[in-house]
Amino acid sequence: MNNPLNLTSNLFFIFTFTILYAAYTFSTFQPKQTNLIFYVHDHFTGDHTTAITVAGKTGPVSNILNFGTVAVVDDPVTEGPNIDSTLIGRAQGMYVNSQLDGKAVYMFFSVIFTSGEFKGSSLEIQGYDKFEMKEREFGVVSGTGYFRFVKGYGIMETEFMDIATLRATLKLNVTLKHY
């Protein structure tokens, strides 16, 4: 005949072992932190144009500096500030000028890594860009490949900007947590 005390003590042992195993195992799943610095080259005019306006108050000829203008970008992403430095990917997405005075855009784009350590991976970036400020912060809301389950933020700095020709080089310093 089974002793009820043995069944209870066995269940207690199994339950305790399971809880301890789970507590030990789950605590080892700490996210990795990755810090990246890369440069985005935004060219609305000239040779090798990488950004165009597609809608706005005056249609597709609208200037991105006007409220309500929408632009599509496919900008080169490089390791250094010079356009001739190593190409590591593309920044593809959209800007919407969302400030009445025209001095800020809402940006959302993917950074798609095409070479290097993170080739085949991507980051999804979005946020407010008041481009007259030297530094501004944005969110990294998701990613793929190496950056699956990512969350993070970045600081964008203007390395170069020519308002007359609508050409800019932006430094993105990104801090990411991922598994």
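Helices (at least four residues) and strands (at least two) are taken as DSSP runs, numbered from the N terminus. The exercises below concern a predicted model.

**Exercise 1. Determine the order of helices and strands along the chain.**

Solution. Begin with the inventory: the chain has one helix and nine strands. Reading along the sequence then gives α-β-β-β-β-β-β-β-β-β. The helix, H1, spans residues 4-27. As for contacts between residues at least 6 apart in sequence, 48% join residues at least 24 apart.

**Exercise 2. Identify the residues that touch the most other members of the largest nonpolar core, and the elements that supply this core.**

Solution. The core contains 32 residues, and those touching the most other members are Leu36, Phe38, Tyr95, Phe113, Leu123 and Leu172. Two or more residues each come from strands E1 (32-43), E3 (70-78), E4 (87-97), E5 (105-113), E6 (122-129), E7 (135-144) and E9 (167-178). Next, take Phe38 and set aside its neighbours within four places in sequence: its contacts include Val77, Ile88, Val111, Phe113 and Leu172. Over the whole chain of 179 residues, buried residues make up 39%.

**Exercise 3. Classify Lys32 as buried, partly exposed or exposed, and locate its contacts distant in sequence.**

Solution. Lys32 belongs to strand E1. Its relative accessibility is 39%, so Lys32 counts as partly exposed. Beyond four places in sequence, Lys32 touches Tyr146, Leu176, Lys177, His178 and Tyr179. For one of these, Leu176, the separation is 144 residues in sequence, while the C-alpha atoms lie 8.0 Å apart.

**Exercise 4. Compare Phe149 and Leu166 in backbone phi, location and burial.**

Solution. Consider phi: neither residue is a glycine, yet phi is positive, at about 65° for Phe149 and about 55° for Leu166. Now locate each residue. Phe149 sits in the loop between E7 and strand E8 (151-162), and Leu166 in the loop between E8 and E9. Finally, apply the cut-offs, under 20% for buried and over 50% for exposed. Phe149 is exposed because its relative accessible area is 65%, whereas Leu166 is buried because its relative accessibility is 19%.

**Exercise 5. Name the residues of the nonpolar surface patch and assess the exposure of Phe17.**

Solution. Phe13, Ile14, Phe17 and Tyr21 form a nonpolar surface patch of about 500 Å². Phe17 is placed in helix H1. With a relative accessible area of 52%, Phe17 is therefore exposed. For the chain, the accessible surface is about 10700 Å², and 62% of this belongs to carbon and sulfur atoms.

Conventions:
Residues are numbered from 1 along each chain as its sequence is written. This is a predicted model: local features need pLDDT of at least 70, side-chain atom pairs count only at pLDDT 80 or more; totals for chains, interfaces and linings use all residues. Side-chain values use heavy atoms; hydrogens and water are left out. Patches are made of residues with over 30% relative accessible area and no salt bridge: like charges are joined within 9 Å, nonpolar side chains (Val, Leu, Ile, Met, Phe, Trp, Tyr) within 5 Å. Accessible areas come from the Shrake-Rupley method with a 1.4 Å probe; for residues, only the protein chains shown count as cover. A salt bridge is a side-chain nitrogen of Lys or Arg within 4 Å of a carboxyl oxygen of Asp or Glu. Buried means under 20% relative accessible area, exposed over 50%, partly exposed in between (1.4 Å probe, protein chains only). A nonpolar core is a set of buried Ala, Val, Leu, Ile, Met, Phe, Trp, Tyr and Cys residues joined through side-chain atoms within 4.5 Å. Contact means heavy atoms within 4.5 Å.
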